[in-house]
Structures are given as C-alpha cells and as structure tokens.
Amino acid sequence: MTNKKLSLSLLNSLLLLVFFIVLSIAVLFSTYINTQKVVDKNIDDYFKQTYNITKLIIENEQNNLDNIVSKISKEFENINDLNNPDSISYKIETLSYIDSIDLLFFKKNNEVYDYSNSLFDTESIIDEIRKIKSSINHKIINIKVNNEDIVLMISTKQIIDNNTGRVQAVIYAAKILNNNFALLNDIKSKSKQVDMHIFFDNNIIASTQKNIAIDLSRFYHNSVDIGDRTIYSSMWYEIFENKSLNIIYVTKNNSFDVLKESFLHQAFVLLLFLIFCFILLYYLSNKFIIKPFSKLLNYAYKVKDDKSIRYENTKVLEFDKFAYELKGIISELRDVKEQYSRAIDGVQDGLWDVDLKNKKIFYSPRFLTMLGYSSHDIKTYKSFWQKSIHKDDYEKTMIALKEHLSGKTEVFESEYRFKCKNGSFMWIKIRGKLFYDSKKHQSRFTGFHTNINDLVVLQEENQQKERMLYQQSKLASMGEMIGNIAHQWRQPLTVISVIASTISMQLQLNTLDKNATIKDIDKLLGTVDYLSSIIDKFRYFFNPNNEIENFSVCEAIKENLVIFESSYKSNNINLILNLDDIYISGYKFELMQVVINIINNSKDALSEKSIMDKEENYIFMKTDVKDKVLTLSIYDNAGGIDEELAEKIYEPYFTTKHQSQGTGLGLYMSNEIIKKHFNGKLSNKTIEYEYEDKNFKGEEFKIEIPL
C-alpha cells in the first residue's frame with residue numbers, strides 16, 4: 001500500500017481552509033460565550049434587583065402593620081373600661097386605617113375579643129395562634145386550619161394602663177398572605193414582572209394567574225430557568241421557625257433578545273472578516289510562498305543534470321539566496337558522488353549496501369567482478385549470500401552475524417569461503433555495520449568484501465614452514481638432549497664396567513668374595529635403575545601429553561633439570577633456583593622446552609667466556625607474580641649479548657655458535673611458543689647485579705605468562 005502524496009498548492013489550500021474553519025469556530029464560540037455571559041449577568045442582576053424589591057415591599061408591609069398596631073394600642077390606653085365590648089367595637093369602627101388588616105383581636109385575662117374583617121375562619125385561626133408559645137411579634141408565620149396552610153404577617157402590642165402601669169390587654173393584628181393580591185400586585189408592578197406565585201411547602205398560596213402548573217423541581221439546582229419566551233426565577237424568603245416561602249417570578253425573555261440579536265450581528269461581521277482574511281492569506285501565500293517554492297523546486301530538478309541552468313529571481317529574498325546556495329550544494333554533492341564512485345571503483349574491496357526497509361541491495365561492480373558475477377545473476381539479496389557461503393564456514397559466520405544484529409558487537413566481521421560463479425571458492429573477509437533510523441529501527445546494513453584468498457594461501461604456507469621449523473627445532477633439541485644423556489651416562493657406565501671387570505677377574509682367579517660380590521651387584525643394580533630413570537625422563541620429554549594441563553612450574557623445572565645435571569657440573573656451572581610453587585594452565589612440555597633452551601644458551605655462553613675462577617659460573621632462575629602475571633627470570637654472569645646482535649637473536653636460523661653446535665631456531669621457536677601457546681611475552685636485556693658481595697654482568701631472559 002503506497003502513501004498518498006499531496007501537492008504543495010493543494011496542501012496549502014487545505015491547511016488554510018482548516019485554519020479558517022478552526023479559527024471561525026473558535027471566534028464564533030468565543031463571541032457566543034461572551035454574549036451568553038453578558039446575558040446571564042444581566043439576568044442575574046435583574047433578578048437580584050427583583051429580590052431586593054420583594055424584600056423591601058414585605059418589610060414595608062410589616063412596618064405598616066406594626067405602625068397600625070401601635071396606633072391602636074395608643075387609642076385604647078385612654079379607654080378606662082376595656083371590659084366593655086361595645087365601647088371597644090365603637091372605637092374600632094371609628095378607625096379607618098384598620099381596613100387593610102385581615103385579622104384583629106384582643107386578649108385579656110384569657111378572654112379573646114375578635115374584631116377581624118376577613119372571609120377566613122378567623123376563630124380557628126385565632127385558636128391556632130394562641131397555641132403558639134414562642135414570640136411571634138414582627139414575624140411571618142404559618143398555621144394549619146382545616147388541613148390548609150395559612151401564612152400570616154403578624155404583629156402584637158401590649159396595652160398599658162397609664163394610671164397603674166399594668167398590662168390591660170394584648171392586641172393581635174395580622175395580614176393573611178393567602179390570595180393576597182394586593183401584596184402580589186405591588187411586587188409585580190414595581191419589579192415589572194409578568195406573573196408572581198408564592199408557594200409554601202410545595203403548595204401555592206397566592207398567585208397573579210389562575211390555573212398555573214409550575215414544576216418546582218427545576219429550581220432545586222438553579223434559581224433561574226430560561227425558556228424560549230419566558231424566564232422563571234425562584235426566591236426563598238425565610239419565615240417563622242426556619243421555614244420559607246418560595247416566591248416564583250415570571251418575566252418575558254424579550255428584554256434579552258436584543259443581546260442575542262447583537263450576538264448574531266457580531267458573528268456575521270466576524271465571519272465576513274474571517275472570509276476576507278482567508279482570501280487575502282490564500283492570495284499572499286500563493287504569490288510569495290507556493291509559486292516561488294515551486295519555481296525553486298523546478299530549478300533544483302534542472303540544475304541537478306545541467307550546470308548551465310540559470311535561476312530567475314523572485315520577490316522573496318530568502319528563496320533567491322537559497323537558490324544560489326542550493327546550486328553550490330548540488331555542485332558539491334555531484335563532485336562528492338563522482339569521487340565516491342571513483343573511490344568505489346578504485347579500491348580492491350567490494351561494497352555492498354542492504355536497504356532493510358525496502359528489501360533492496362546494492363553491489364558495487366568490484367564486488368561482482370571479484371566473484372565473476374554480473375548484476376543480472378543476483379535475483380534476491382538474501383538467499384544469494386547465504387547459499388554462497390561454504391558449508392564448513394556457514395555456522396560460525398551466522399553466529400557472528402547474529403551477535404552483531406543483537407548489539408553484542410560493534411562491527412560484523414568474519415572470514416569464510418565464498419562460492420564464485422564458476423563453482424570455485426574464494427576466501428573472503430567481510431566487514432559490515434548495522435545502522436538504525438531515528439526510531440531505532442534497523443534500516444541499513446553496509447559493508448565491504450575483501451579478497452583474502454592469496455593471504456590465506458600464504459598463511460597456510462607460513463604455517464607449514466613454521467611446522468617444519470618446529471620439527472627442526474625439536475630435532476635440534478633432541479640432539480642436544482642425546483648429548484646430555486651421553487654425558488650423564490658416562491660415569492654410571494664406567495661404574496658398571498669396573499664392577500663387571502672386577503667380578504670377572506675374581507671368577508677367573510677363583511677369589512670371589514660372596515659378601516663383596518653382593519654389594520657390587522647391589523651397586524650395579526642401583527646404577528642401572530638410575531640409567532633407567534634417565535631413559536624414562538628422556539622418553540617423557542619427547543613424547544609428552546599434548547594437552548593443556550594445570551602444573552607447578554617449580555616441580556616441572558626441577559624434574560627436567562635432572563637430565564642436564566652432569567652437563568652443568570662438568571662445566572663448573574652452578575644452578576641457583578629461587579622458584580615459588582605457582583600453578584599455571586598450558587602445555588608443560590613446550591614451556592620446559594623454552595626453559596631448557598635458554599639454560600643451554602647460558603651454558604654455552606659461559607663455556608665460551610674466559611673466566612678466571614671456574615667456581616663462579618652461575619645460572620639463576622627465579623619466579624615472581626605481579627598483577628596476575630607470572631614472570632620467570634633466567635640470567636647468568638656470562639657478560640651479556642652485544643647490542644648489534646640483540647635485535648637478531650629471535651630471527652630463524654640466526655646463531656652465534658658454530659654450525660655444528662646450533663641451528664639458530666631455539667630462541668625463534670621459544671618466542672613463538674610463549675606468544676601463541678601461552679599468550680605471553682619473551683624478552684631479554686643485559687643486566688648488572690650483585691651476588692654474595694660480588695658484582696656480575698649477564699643476559700636476563702624474562703618469560704611473562706598471564707595467569
């Protein structure tokens with residue numbers, strides 16, 4: 001599945017259109033939100049004012065009621081006989097300001113005198129009022145009369161006798177709020193409401209409209225409910241004993257339509273402005289960005305193949321500068337490409353580059369000609385390589401590849417035989433590296449093939465020569481060993497010969513002494529055992545267990561030096577050993593071969609020197625361990641090696657001895673053994689040292705072996 005690509009012009013149009021739509025929605029939404037906030041703020045302020053008007057009117061009604069009660073009490077303070085109902089009735093009839101009172105009665109000595117002017121059952125109302133024990137003065141209270149809630153605005157006043165100062169009676173005056181149209185109309189007119197309703201305990205007690213149906217649950221969470229044409233608002237007015245009246249206001253929504261129309265007008269103007277900005281921006285972006293960029297792109301395509309193409313300037317300075325820079329960049333890239341191509345063609349290595357994402361591979365011409373292939377011979381980038389590796393080299397190559405792909409190695413490197421087109425195999429050295437993209441996914445695998453066939457053949461020849469040198473060195477060591485054994489056997493053989501001659505002569509002379517003969521035979525057998533042990537050591541030395549083993553360096557040296565003991569003694573050479581019991585892992589025979597070769601060289605050097613005191617010929621051996629490295633030092637007092645010869649002693653066939661005495665392979669093979677079989681180092685230098693208060697000079701050889 002290919003990804004769809006869009007032109008820059010279409011992409012610019014789509015982006016501008018999306019930007020226009022998003023910006024329009026954002027601006028319109030913001031304008032709407034701000035307008036709605038203004039509307040909500042005006043509604044909130046409007047009803048706050050209405051609530052204040054309502055509270056003010058109710059408080060004024062309460063104050064008027066209190067004033068009326070105060071006037072009545074003053075009128076009756078001058079009446080001497082309050083027990084005369086007729087005189088009280090007459091007096092009340094003369095008071096015109098009590099017409100607005102729904103309930104009026106006197107209480108004196110638990111007697112009640114009712115002078116109310118109301119259609120309600122005043123007797124029952126008075127009985128319920130008398131049951132209220134707490135103070136009800138200046139309060140709005142509710143009572144139950146015949147299962148009907150009656151809400152009263154009540155005020156009380158005591159009538160005091162001026163002569164005695166005693167309370168003669170208590171006046172009760174009240175206004176019934178149930179169906180009190182005067183109060184509702186007053187609030188309605190002053191707050192400019194359409195309708196008003198008063199609820200108590202979810203039951204309507206007063207309204208300016210008949211047959212209403214209001215769902216009070218809509219005001220549980222919000223005090224304002226806005227409809228299409230009507231706005232409802234709820235106000236809770238607290239009365240006696242933590243009870244409340246729910247006053248519902250109804251007003252038309254026309255007063256806020258102007259704000260909504262203003263919003264629509266603003267939205268329309270903003271939309272026109274945005275359309276104008278969109279057209280202007282589209283025109284400017286095409287003129288100063290899209291068209292100049294398209295011209296720059298076409299110029300880049302052309303200048304890639306034709307250096308003589310000229311760029312026509314645009315009205316954008318940056319595009320013109322970039323065009324001139326681009327021409328220089330493309331020119332440099334062209335030169336780099338040519339240099340890279342010449343370099344690839346010129347080197348002897350074959351380049352390969354695998355595009356892991358697209359499953360493609362590039363083989364340089366040198367890679368193909370090296371193996372006799374052409375580009376048409378390779379169909380797949382993976383199976384060709386795997387099938388061409390020699391079966392004996394396949395496993396180790398795949399292991400190296402997997403280790404690199406898993407990140408265990410920095411570079412993939414291996415040597416294997418690769419099948420050529422003619423069916424033969426060529427030794428190849430491969431080096432490659434895996435590359436990752438920005439998301440750390442494997443993207444490319446690039447490297448080189450190097451023809452190492454001649455090098456491998458040469459290495460095999462060198463190995464064969466090295467084996468020959470080793471055999472020659474071994475034969476030379478064997479010759480020296482045989483010479484040492486012959487020297488070692490000379491004295492024991494003389495002893496055997498003397499004992500045998502003595503016994504033979506005694507037999508001939510018939511003077512054989514049995515006890516003496518037994519002693520001679522025991523000595524003879526002991527000498528034979530000694531010679532047998534020398535043969536066993538000799539056989540072990542040249543037929544060793546050719547396997548890696550753990551062994552003590554000290555014990556191995558002492559065991560093998562027995563073979564050469566008489567040779568050293570005959571040359572008046574003292575072996576001074578200072579060896580620690582250190583164990584190493586390796587080929588014991590090969591290490592002993594190196595040690596004995598160095599000791600023999602020291603012995604020969606001491607024999608050639610003219611030393612005054614023959615008892616002062618020394619060969620020292622000592623061990624030391626530092627930083628997990630064993631150092632075996634072997635040095636003598638033969639005066640050292642001349643500087644001009646020191647650099648040549650490790651070369652094959654180089655020797656300072658007579659041709660009959662040396663082959664020149666000893667130190668060469670010793671150096672190879674220590675390096676290849678022990679991963680160590682063999683070195684030498686001329687040193688001066690002190691031993692038993694005397695100064696000596698000689699050559700020191702150091703064998704360094706990592707533990």
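**Two open sheets and the helices packed on one of them**

In this predicted model, strand 19 and strand 20 are joined as a hairpin with two residues between them. Asp627, in the turn of that hairpin, has a positive phi of about 55 degrees. Strand 19 covers residues 617–626 and strand 20 covers residues 629–636. The two run antiparallel and are joined by eight bridges. One of the pairings places Met621 with Ile634, its bridge partner in strand 20.

Strand 19 also pairs with strand 17, and here the strands run parallel, with six bridges between them. Asn574 has Tyr618 in strand 19 as its bridge partner. These strands belong to an open sheet of five, in the order 17-19-20-22-21, with mixed pairing. Strand 17 (573–578) and strand 21 (681–691) are the edge strands; each has a single partner strand, so one side of each lacks a neighbour in the sheet. From one strand to the next, the twist averages 20 degrees.

At the other end of the strand order, strand 21 is joined to strand 22 (residues 694–706) by 11 bridges, and the two run antiparallel. Asn684 stands opposite Phe701 in strand 22, and Tyr689 is opposite Phe696 in the same strand pair. Strand 21 and strand 22 also form a hairpin, with two residues between them. In its turn, Glu692 has a positive phi of about 50 degrees.

A further positive phi occurs ahead of strand 21. Asn679 is in the loop between helix 16 (666–678) and strand 21, and its phi is near 55 degrees, a positive value in a residue other than glycine. Most residues other than glycine have a negative phi. Asn679 counts as exposed because its relative accessibility is 62%, and the cut-off for exposed is over 50%.

Two helices contact this five-stranded sheet. Helix 12 packs on the sheet and touches strand 17, strand 19 and strand 20. The direction of helix 12 makes about 160 degrees with that of strand 17. Helix 14 lies across strand 17, strand 19, strand 20, strand 21 and strand 22, and runs at about 145 degrees to strand 19.

The two helices also pack against each other. Helix 12 (residues 553–561) and helix 14 (residues 588–608) meet at an angle of about 60 degrees, and their axes are 10 Å apart. This angle makes helix 12 oblique to helix 14. The crossing of the two helices is right-handed. On the helix 12 side, the contact involves Val553, Ala556, Ile557, Asn560 and Leu561; on the helix 14 side, the residues are Lys588, Leu591, Met592, Ile596 and Ile599. By class, the residues of this contact divide into eight nonpolar, one polar and one charged.

Another open sheet of five strands has the order 2-1-5-4-3, and its pairing is antiparallel. Its edges are formed by strand 2 (111–114) and strand 3 (139–145), each with a single partner strand, so that one side of each is left without a neighbour in the sheet. The twist in this sheet averages 35 degrees from one strand to the next. Within the sheet, strand 4 (residues 148–160) and strand 5 (residues 167–176) pair in the antiparallel sense over nine bridges. Met153 stands opposite Lys175 in strand 5.

The loop between strand 3 and strand 4 contains Asn146. Phi of Asn146 is near 55 degrees, which is a positive value in a residue other than glycine. Asn146 is exposed because its relative accessible area is 66%, and exposed residues are those over 50%.

A buried position is found in strand 9 (residues 230–238), which contains Ile231. The relative accessible area of Ile231 is 0%, so Ile231 is buried; the cut-off for buried is under 20%. Ile231 and Thr251 are 20 residues apart along the chain, and their C-alpha atoms are separated by 5.3 Å.

Technical notes: Residues are numbered from 1 along each chain as its sequence is written. This is a predicted model: local features need pLDDT of at least 70, side-chain atom pairs count only at pLDDT 80 or more; totals for chains, interfaces and linings use all residues. Side-chain values use heavy atoms; hydrogens and water are left out. Axes are lines fitted to C-alpha atoms, for helices over the stretch in contact, and angles run from 0 to 180 degrees between N-to-C directions. Helices (H or I, at least four residues) and strands (E, at least two) are DSSP runs, numbered from the N terminus. Angles under 35 degrees count as roughly parallel, over 145 as roughly antiparallel, 65 to 115 as roughly perpendicular and the rest as oblique. A crossing is left-handed if the near helix is turned anticlockwise from the far one by less than a right angle, and right-handed if clockwise. Contact means heavy atoms within 4.5 Å. Ala, Val, Leu, Ile, Met, Phe, Trp, Tyr, Cys and Pro count as nonpolar, Asp, Glu, Lys and Arg as charged, and the others, Gly among them, as polar. Two strands pair if DSSP finds at least two bridges between them. Buried means under 20% relative accessible area, exposed over 50%, partly exposed in between (1.4 Å probe, protein chains only).
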